[in-house]
Structure formats: C-alpha cells, structure tokens
Protein chains: 2
Amino acid sequence: MAYTGKILVTGSGIDLTLLGPLEEAGNNIVARPKLLSPAELKAELRDAVAYLHGGEEYASGEALSTAELLKIVAFMGIGYESFVDVDAAKEHGLRVTWTPARRPDAVAVFTLGQIIYANLGIRDRLDERHPPQWTAATPMPSELSAQRVGIVGLGSIGTRVAELLTAVGCRVAYHSRTRKLAEGGLGLTYLGLHELAAWSDILVVLLPESQSTLNIIDASVFAQMRKGSILINTARAVLVEPVALANALRDGTIAVAAIDGHYRDESVNDALRAEFGPRLLWTAHVAAHTRQSMAAMVEQAVQSVLKALDNAPDENVAVGH
Amino acid sequence: MAYTGKILVTGSGIDLTLLGPLEEAGNNIVARPKLLSPAELKAELRDAVAYLHGGEEYASGEALSTAELLKIVAFMGIGYESFVDVDAAKEHGLRVTWTPARRPDAVAVFTLGQIIYANLGIRDRLDERHPPQWTAATPMPSELSAQRVGIVGLGSIGTRVAELLTAVGCRVAYHSRTRKLAEGGLGLTYLGLHELAAWSDILVVLLPESQSTLNIIDASVFAQMRKGSILINTARAVLVEPVALANALRDGTIAVAAIDGHYRDESVNDALRAEFGPRLLWTAHVAAHTRQSMAAMVEQAVQSVLKALDNAPDENVAVGH
C-alpha cells in the first residue's frame with residue numbers, strides 16, 4: 001500500500017489543477033505560493049510526506065532534519081543543488097528528484113528575446129520621441145545575423161537556442177564538456193571555452209549550476225573578449241563570477257549583460273544594480289515561467305512523487321535511490 | 001557630362017564613408033544629421049542638385065519650390081509618401097526614388113524581439129527582485145510556440161518574420177492584398193483581414209504606408225480580436241487608427257502593443273503614452289537602424305543619385321521619370 005499524507009507545494013507558478021493525481025492517490029495538498037522563511041519551511045515540512053519544490057526557498061539540513069515522514073523532495077527544475085542541502089538529504093535517506101527533460105522552448109525563446117534586445121539596445125530605445133543621433137561613440141548596432149554567437153553549454157536548451165540563431169542567420173559556435181552529436185546537424189563549431197570567448201560577439205551561458213560550473217565565466221574568460229561584447233546568462237547568476245563581471249562592465253568589455261536570476265548575496269546584486277543598472281537586462285529567473293513549460297515540469301514532478309510514495313524506481317532521481 | 005554640385009544628406013544613421021562615389025563624381029556632400037526645421041530644409045535645398053533623404057523632415061512643396069537646381073529626392077526607405085510632397089515633386093519635374101529592395105533582416109529580427117518581449121511581458125519583469133506571484137488575474141504567459149500569429153502584409157519583411165516564427169514553432173497565417181507564392185513554401189494560411197484578426201493571438205502589422213493602408217487597423221478589426229491580444233506594428237504608426245487603438249487598450253482587447261514610429265499629431269502620442277505607457281513597447285522608427293540595413297539603403301540611394309544626375313533610367317524611381 002502506498003504511503004500517503006500531506007504534500008507541501010511551493011512556488012508561485014504552479015497550476016494546482018495539475019496536482020490532481022496526487023489528490024486522487026489520497027494525499028492532501030498544501031500549496032504555499034509565497035516565499036517561505038526558513039522557520040516556515042521547517043514547520044511545513046514537519047508533517048509532510050512529500051515536498052514539491054518550485055519556489056526560491058533553500059531546503060536546509062535544519063529544515064529536513066525534523067521532517068520525519070518525508071520521503072521525497074521533488075525539485076521542479078535542473079539546479080537542485082542550490083535549493084536542497086544534498087548532504088542532509090542523503091543523511092536522512094531522502095530521495096531528491098529533478099526535471100531534466102523539460103521542454104527547452106520556454107528558456108530558448110526567452111534567451112533569443114534577450115539576445116535581440118541586448119544586441120540592438122532596444123531597452124534604451126523605448127519611449128524615445130526621436131531616433132537617436134548615432135555617433136562614433138554610440139554607433140548604430142550591428143545586425144544580429146552579422147554577429148558571432150558563442151553558446152556555453154549545449155544541452156537541450158543550448159541546442160534549441162543554436163537552432164533559432166541559425167534560422168536568424170548568425171554564425172554559432174559552442175563549448176561544452178563533451179563534443180555533441182547535434183553539432184553535426186547544425187554545423188556548429190566546437191571551441192574551448194577561452195577560444196569561444198575570443199571568437200564571440202555575444203556569449204550565451206546555458207549550463208546547469210553545479211560545483212564544476214560555479215564561477216565558470218571568470219576574469220580569465222572576460223580577458224579573452226573584445227570591447228563591447230554582450231553576455232547573456234539565462235541559466236543561473238552564479239555561473240558568472242560577479243567581481244569579474246563588474247570589472248568587465250566597468251572597462252567596457254561587456255556592453256550589455258542579460259541575467260536571469262540573482263546572486264545569493266543581496267549586496268552583490270545591489271552593487272551591480274547601482275553601478276550598471278541601465279546596461280543589465282536583469283530578471284528574477286523567470287525564463288521557464290510559461291504555462292506550457294511549468295505544466296511539463298509539474299507533471300514530471302508529480303510522477304516522481306507518486307513513484308517515491310510507492311517505493312518505485314524513477315529515472316529522474318538525482319540524489320538517493 | 002553629368003550634372004554635379006551640392007548634395008544634401010539628412011538623417012542620423014548615415015555612414016558618410018558610403019557616399020564616396022558621389023564625391024568621386026565631383027559632388028560636394030553637405031550632411032545634416034539633426035532634424036531640420038522647414039526653414040532650414042528650404043535653405044539647404046536652394047542650391048542642392050540632389051537630396052538624400054534619411055531624416056524625419058517633411059520635404060514640403062514650399063521647400064521644393066525654390067530648389068531650382070534639384071534633380072532628385074532619393075528617399076532612404078519605403079514610405080516616401082509621408083516624407084515628400086509627391087504632387088509638388090511632380091510639378092517641379094523632380095525624380096523621387098525609394099529603396100524597396102533593402103534587406104528585410106533588420107526589421108524582421110527587431111519585430112521578433114518585440115513579439116517575444118510583448119508575449120512574455122519581459123519589460124515588466126526587468127529589475128524585479130523576485131519572480132511575480134502569478135494569479136488568475138495575472139497569469140503566467142503562454143509560450144510563443146503555442147501562439148497563433150497573424151501577419152498583415154507579406155512583403156519581404158513579413159515573409160522573413162513568418163520564416164522566423166515558423167522556426168520558433170508558431171502557427172502563422174497572413175493577410176495581404178494578394179495571395180503570395182511564398183505561402184506555399186512556409187505553409188502559411190491566407191485569411192481575410194477580419195478573419196485573421198479573429199484567428200490571431202498576436203497580430204503583426206508590416207504594410208508600407210500609403211493612402212490605402214492608412215488606418216487599416218481600425219475599430220472593425222479590433223472588434224474581431226480576443227481580450228488580451230497583442231498588437232505589433234513595426235511598420236508605421238498611422239496604419240493603426242489611434243482612437244480605436246486607445247479603446248482596444250482601454251477595454252483590454254489589446255494587452256500590449258509594440259509600435260515603431262509615432263503619429264504626426266504629438267497630442268495623439270502624448271495621450272497614448274500618458275494612459276497606456278507601461279503597456280506600450282514604443283520606439284521611434286528605429287527597426288531598420290542597423291549598420292548593415294542602413295548601408296544597403298545608402299548604397300541603393302547613392303546609385304539612384306548618380307543615375308539621376310546622369311539622366312539615366314533607374315528601376316527605383318517612385319515618382320517622375
């Protein structure tokens with residue numbers, strides 16, 4: 001007989017009608033769409049059997065330690081390591097699942113929009129009453145199809161971005177830990193990370209967050225880039241080392257940066273915002289916030305919860321068994 | 001022997017190095033990048049043999065009447081009727097040329113950027129510190145690939161936009177005065193204008209300005225559209241009847257509108273801006289402002305000037321012989 005009970009659901013983008021299968025299995029859904037404090041999270045988890053994590057809160061060891069009925073943290077997204085204390089989850093015998101197979105379209109199209117806006121400087125053009133006086137100091141932008149775009153991370157999202165940019169007519173190259181079969185179909189060039197930075201007019205970061213990708217775009221990468229380059233980071237802020245980013249914005253290496261997500265240290269966000277605000281297209285990790293993308297994630301996570309409560313195997317297990 | 005003399009060049013986006021062929025032919029270039037007043041334009045034209053029109057000024061009958069040496073107004077763009085008094089040009093025996101064959105990429109990619117921004121509401125997401133609380137009143141956006149996009153005007157730019165949207169995965173239909181061969185290759189559906197408005201989630205206006213397209217998007221068109229639709233007008237403001245637009249924004253038929261260009265009556269612009277500013281992605285007709293697009297236009301216009309001064313025929317003649 002399957003284990004049942006209270007299921008905590010966090011995050012503001014959850015269509016609760018998609019949780020029907022959990023209720024039908026006899027569970028009790030408690031949805032908390034607003035950001036939970038550490039104390040609130042700990043209190044909510046104390047009597048929960050499962051936790052669908054779609055919010056911005058961090059599931060600390062402290063919060064997990066008293067969750068004696070908890071079987072699973074079903075993280076909705078890819079970068080679970082930043083939102084769940086993995087060591088504590090292991091220690092308490094929890095299963096942590098993720099949703100790696102979500103459809104790439106939402107983040108890919110959002111990324112394309114940020115590339116177009118950054119490349120043409122459209123944000124600066126909004127609400128102008130006359131076209132700008134283009135000068136040598138503020139030249140007319142170059143067309144996107146004339147730009148070289150380097151993609152760091154050729155997973156499903158990076159591949160989709162490469163397809164869209166190829167349709168636009170850009171030259172696209174990429175870097176990833178391993179060369180990809182997909183490059184054959186698209187005719188993409190593989191380059192080392194530093195070579196890619198030197199080659200690109202626009203560098204697009206689309207890696208998952210992990211210990212090995214933290215700060216991967218650092219001063220040595222910016223040192224390869226030309227003045228006036230564009231950085232698009234629609235993965236996680238922390239992939240880009242923030243002091244190196246500030247220096248690159250300050251010395252003009254980076255003209256415009258799009259970032260979807262924040263650094264954990266608010267003082268880092270505040271300092272970047274204060275000094276470079278108008279040159280940042282900065283959003284709060286919303287690229288995957290489309291109805292279709294969220295539905296696909298929620299449906300996967302719901303299936304992971306049902307499997308965990310049934311002690312069934314699950315291909316989306318990231319931590320535990 | 002070719003006629004030579006002063007050539008007036010207006011507009012802020014002109015790369016003067018592209019005017020070399022005019023200087024080599026013995027002409028004297030006078031560039032006026034800032035907006036000319038009617039009196040300044042009249043004074044500048046009085047001794048000019050050719051006029052490369054790349055600015056926002058209107059070449060009135062008054063300004064043209066005393067330009068006794070003038071042979072040609074080479075308009076850089078498509079909508080010359082709004083910038084040149086065509087009747088006066090005919091009366092004074094002037095040749096007016098345009099640049100209809102410019103490459104569509106600049107405007108098409110700009111349009112795609114505005115479609116993505118409007119569809120996801122990205123402007124509202126900039127500088128937010130947390131993702132929004134999505135509610136029934138402010139729901140998470142639908143993915144662009146799930147939207148139906150109707151294109152009004154399937155010229156070279158409309159066709160390119162249709163290609164890009166097809167790559168994104170949208171369903172695309174179109175309306176134009178005549179059915180186009182291109183629809184076959186892209187598999188686009190042809191609809192009447194009102195049917196297209198009823199079918200579309202996003203309506204994209206890409207017609208040239210003319211007497212027959214002025215106010216073509218009027219109250220009868222908006223009446224067909226569903227609540228919360230998106231309007232993208234990256235052609236000329238005046239294609240959309242402004243009172244009908246205000247009503248459609250007011251009653252929620254149009255959630256967001258992108259407009260690239262202004263109405264000639266500043267009080268119309270001011271009223272729209274005051275009431276609906278945050279829901280307008282409004283730019284000052286800059287979509288074609290890329291180095292590559294402008295270079296292609298300038299090069300065409302330069303050839304038209306050389307032909308006119310040589311009394312040679314020109315396929316880009318719009319008015320005159």
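## A walk along the sheet of chain A

Start by selecting strand S4 (residues 72–75) and strand S5 (residues 95–97) of chain A: they run parallel and are paired through 3 bridges. Keep in mind as you click around that this is a predicted model. For a landmark in this pair, show A:Ile72 as sticks and look across to A:Arg95 in S5(A), which sits opposite A:Ile72.

Now widen the selection. What order do the strands of this open sheet come in? Reading across chain A, the 6 strands go S2-S1-S3-S4-S5-S13, with mixed pairing. At the edges you'll find S2 and strand S13 (317–319) of chain A, each of which pairs on one side only. Turn the view to look across the strands and you can follow the twist, which averages 25 degrees from one strand to the next.

Next stop: strand S1 (residues 6–10) of chain A. Is S1(A) enclosed or open? Show the surface around S1(A): 5 of its 5 residues are buried, so the strand is largely enclosed by the rest of the structure. Now turn on the side chains. In a regular strand, side chains alternate between the two faces of the sheet. Here, A:Lys6, A:Leu8 and A:Thr10 point one way from S1(A), while A:Ile7 and A:Val9 point the other way; all are buried.

Stay on S1(A) and bring in its partners. On to strand S3 (residues 48–53) of chain A, which runs parallel to S1(A) and is joined to it by 4 bridges. Pick A:Lys6 again and you'll see A:Ala48 of S3(A) standing opposite. Then add strand S2 (residues 28–32) of chain A, which also pairs with S1(A) in the parallel sense, this time over 5 bridges. A handy marker for that pairing is A:Thr10, whose bridge partner in S2(A) is A:Arg32.

Last stop: the cysteines. How many disulfides are there over all chains? The count comes to 0. Select A:Cys170, which is in no disulfide, and run a distance to the nearest cysteine sulfur: that of B:Cys170, 18 Å away. A disulfide calls for two cysteine sulfur atoms within 2.5 Å. Coming from the other side, B:Cys170 is in no disulfide either, and its nearest cysteine sulfur is that of A:Cys170, at 18 Å.

Are these two residues buried or exposed? Colour by accessibility to see: A:Cys170 counts as buried because its relative accessibility is 8%, and B:Cys170 is buried too, with a relative accessible area of 9%.

Technical notes:
Residues are numbered from 1 along each chain as its sequence is written. Chains are lettered from A and ligands numbered from 1 in the order in which they are written. This is a predicted model: local features need pLDDT of at least 70, side-chain atom pairs count only at pLDDT 80 or more; totals for chains, interfaces and linings use all residues. Side-chain values use heavy atoms; hydrogens and water are left out. Buried means under 20% relative accessible area, exposed over 50%, partly exposed in between (1.4 Å probe, protein chains only). Helices (H or I, at least four residues) and strands (E, at least two) are DSSP runs, numbered from the N terminus. Two strands pair if DSSP finds at least two bridges between them. Axes are lines fitted to C-alpha atoms, for helices over the stretch in contact, and angles run from 0 to 180 degrees between N-to-C directions.
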